[in-house]
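Me: I am new to this structure and would love a close look at a single part of it. Could you take me through one sheet and whatever surrounds it, and then show me how the rest compares?

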Amino acid sequence: MAYGSELLRQCRHAVTDAVSGASSAREAAVRATEALASALGWACAEYWEVDPDGVRISRVSSWTRAGTPLASFTGAEPMSFGRGQGIPGAVWQRGSDVWCTDLLRDLIDPGRLRHGHTLGLRTAVGTPVHDEDRVAGVLALFADGTADRDDDVLAMLHDTAGQIGRLLERRRVEELTRALAAARRDFDRVIEQVNDCFWSVEICPDGSVRSVYASPGGGGVFGGTLPTDTDMGSLLAERILPEDREQFQRFHETARSGQPAQFECRVLGYDQVVRWVWTRAAPRREDGRLFFDGITTNVTERRELADKREELLAQEQQQVRRLRELDRMKDELVAVVSHELRNPIAIIEAYTAELMEEPELGGREELAVIARTSAHLVHLVEDLLDLARFDNGRTAVDLRPLRLIRQAVEDHRRHAEARPVTLTVEMGALPMVPGDAARLRQVLDNLLSNAIKYTPPGGAVTASAYATGEAVVISVADTGIGIPAEQYAQLFTRFFRASTATSRKIKGTGLGLAVTKAIVEAHGGTITAEPGPAGGTRFNVALPRFGDSGPRGEMPG
């Protein structure tokens with residue numbers, strides 16, 4: 001089958017008319033394919049497009065010459081092939097023309113070509129439509145006679161495919177332009193809601209700074225809109241307070257070297273308001289040119305809060321120093337007063353003792369009251385002096401192996417039986433601990449006497465001890481009146497007494513636990529309080545054991 005020049009000219013004219021009247025690349029491809037097949041007198045023309053996912057190629061349109069019974073070949077249902085299948089798949093896979101005159105042997109046939117051969121089709125031609133470097137579509141034509149390869153026809157197909165390819169590229173550029181414009185509008189809408197100023201500048205070889213982009217948020221940072229038609233470096237340097245310009249100069253020098261940079265300074269805004277601004281930026285190189293993308297944030301409120309916080313911290317530190325000084329003066333006063341009370345109390349005790357030895361006065365209740373009160377005052381004074389000594393570091397403890405627990409319990413048994421309160425001890429063999437016998441006995445006496453005093457008749461007090469890998473723990477637990485949970489943190493504070501004790505008018509000075517804590521800590525130990533397992537309160541004293549190289553032995557109590 002040969003084609004004359006006049007026929008080919010008519011084909012080109014028909015294709016040109018079809019493409020010029022199309023509103024899209026797809027419509028141009030469909031109309032051009034139909035016009036070309038019709039002008040050549042071929043039986044069928046189709047246009048195929050590669051799916052967006054690049055896995056299949058699908059038929060977009062199918063045209064059949066009038067009077068040619070190809071309905072079963074073209075079909076009305078959607079159709080798609082994989083790479084290499086049929087004419088469109090072969091063109092897609094090769095990326096070049098396919099001219100086939102043997103439909104039964106030259107192509108990978110998914111079944112369609114064999115059916116077309118049965119209907120009389122003998123020749124198939126396909127040409128790729130390129131979009132940049134990829135095959136975007138295929139023009140496919142079928143003839144019901146044998147048509148040998150014709151370069152003029154192929155050239156015409158190439159021209160047609162080229163026109164469609166250019167339309168595809170133009171459409172893609174238009175779509176990208178619209179998408180970019182939409183993205184820019186979305187970006188601007190988001191940026192407008194942000195108080196920070198986003199910007200891009202180019203640092204020119206001469207050191208000048210040219211503005212490329214500045215977001216609308218500059219008003220909240222600079223009190224107005226920054227001009228963009230001048231050297232931004234010089235412009236900003238003029239608005240930065242003189243005492244901060246050295247920081248800006250270092251920032252500018254770092255940026256010129258192509259390194260990330262940031263600084264914080266004060267800026268006089270266009271509204272004549274001074275603001276603290278924080279600027280950070282990162283370099284970006286394009287075609288040998290140096291750009292910087294950055295963010296400038298108004299941090300005035302943060303700086304003012306920081307300054308206020310520093311001021312409050314200084315005031316608080318000054319107040320702490322004043323309180324410590326007052327506390328020291330109070331302790332010194334208590335120590336002096338306590339020391340001055342010892343002599344008159346001792347005189348009262350001595351004269352009371354002499355009077356009680358007189359036969360006619362020995363049984364007087366008044367003298368017994370004076371003796372008890374004097375003993376109470378002596379105990380109070382000694383506690384105050386002990387606390388003062390521990391605070392001043394003037395009390396040394398004589399550390400040596402001790403055995404105290406059982407003896408302390410036995411000494412308090414008469415007091416417990418008088419209430420009556422059950423007093424028990426639970427302990428086995430224990431390693432010795434280093435300690436000062438008199439001071440640690442004072443700890444045990446305080447804990448046992450308190451437990452007995454605050455336990456109602458019929459209750460129980462239990463003293464126990466056990467060893468851990470690093471310490472010996474002594475516990476004194478009672479079933480007494482207990483302590484409110486919120487008051488545990490204050491138990492070892494001087495003069496503090498739990499509300500459960502004051503509400504029952506149980507006498508006490510509130511110094512015993514403070515002295516006990518000072519003694520335990522002087523031994524390198526700890527003391528804690530917690531609710532007892534059977535109600536009441538449990539105190540736990542942990543005293544460090546001898547080291548592996550020190551003396552060892554058992555502490556039976």
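Reply: Happy to help; what follows starts with one sheet and its surroundings and then moves outward to other parts. Please keep in mind that this is a predicted model.

Let us begin with the sheet itself. Five strands make it up, in the order 8-7-11-10-9, and the sheet is open with antiparallel pairing. At its edges are strand 8, residues 209–214, and strand 9, residues 261–268, each of which pairs on one side only. On average, and with direction ignored, neighbouring strands here are turned by 30° against each other. As background, the strands of a sheet pair through backbone hydrogen bonds, in either a parallel or an antiparallel way.

Now look at one end of that order. Strand 7, which covers residues 197–203, pairs with strand 8 in the antiparallel sense, and five bridges connect the two. A pair you can find by eye is glutamate 202, whose bridge partner in strand 8 is arginine 210.

A helix joins the picture here. Helix 9, residues 245–256, packs on the sheet and touches strand 7, strand 8, strand 9, strand 10 (274–286) and strand 11 (289–298). The direction of helix 9 makes about 145° with that of strand 9.

At the other end of the order, strand 9 and strand 10 are antiparallel partners over eight bridges. To locate this pairing, try glutamine 262: its bridge partner in strand 10 is arginine 280. Strand 9 and strand 10 form a hairpin with five residues between the strands. In that hairpin, glutamine 272 takes a positive phi near 65°.

What about the space around these elements? The structure holds five cavities of 30 Å³ or more. The largest cavity has a volume of about 320 Å³. Its lining counts 27 residues, and the closest to the centre are Trp199, Val201, Met232, Leu236 and Phe251. You will recognise many of the elements that give two or more residues to this lining: strand 7, strand 8, helix 9, strand 9, strand 10 and strand 11, together with helix 8 (232–239). Strand 7 provides the largest share, five residues. Sorted by class, the lining of the largest cavity has 20 nonpolar and seven polar residues, with no charged ones.

From here we can turn to another sheet. Six strands form this one, in the order 3-2-1-6-5-4; it is open too, and its pairing is antiparallel. Strand 3 (80–81) and strand 4 (98–100) are its edge strands, each pairing on one side only. Within this sheet, strand 5 (residues 123–131) and strand 6 run antiparallel and are joined by nine bridges. Histidine 130 is a handy landmark, standing opposite valine 135 in strand 6. Helix 2, residues 25–40, lies across strand 1, strand 2 (57–64) and strand 6, and runs at about 155° to strand 1.

Some of these elements also border an open space, the second largest pocket. About 210 Å³ of space lies in this pocket. Among the residues lining the second largest pocket are Tyr47, Asp51, Asp131, Arg134, Arg171 and Glu175. Two or more lining residues each come from strand 1 (44–50), strand 6 (134–143) and helix 6 (151–192). Helix 6 gives the largest share, four residues. By class, the lining of the second largest pocket has five nonpolar and seven charged residues, and no polar ones. Set that beside the largest cavity, whose lining has no charged residues.

Finally, here are two helix pairs to visit. Helix 12 (residues 405–418) and helix 13 have axes that come within 10 Å and cross at roughly 30°, and this crossing is right-handed. Residues that meet there include Ile405, Val409 and His412 in helix 12, and Leu444, Leu448 and Ile452 in helix 13. Seven nonpolar, four polar and three charged residues make up the contact of helix 12 with helix 13.

Helix 13, residues 437–453, also meets helix 15, residues 512–522; their axes come within 9 Å and cross at roughly 145°. Here helix 13 passes helix 15 in a left-handed crossing. Among the residues in contact are Leu440, Val443 and Leu447 in helix 13, and Leu513, Val515 and Ile519 in helix 15. By class, this contact of helix 13 with helix 15 has seven nonpolar, five polar and one charged residues.

Note on methods
Residues numbered from 1 in each chain as written. Predicted model: local features only at pLDDT ≥ 70, side-chain atom pairs only at ≥ 80, totals over all residues. Heavy atoms only, no water. Pairing = 2+ DSSP bridges. Axes fitted to C-alpha atoms, helices over the stretch in contact; angles between N-to-C directions. Contact = heavy atoms within 4.5 Å. 1 Å grid on protein atoms, 1.4 Å probe; cavity = no way out; pocket = protein on both sides within 12 Å on 5 of 7 lines; lining within 4 Å. Points joined across faces, edges and corners; volume = space filled by probe spheres on them. Nonpolar A, V, L, I, M, F, W, Y, C, P; charged D, E, K, R; others polar. Left-handed = near helix turned anticlockwise from the far one by under 90°.
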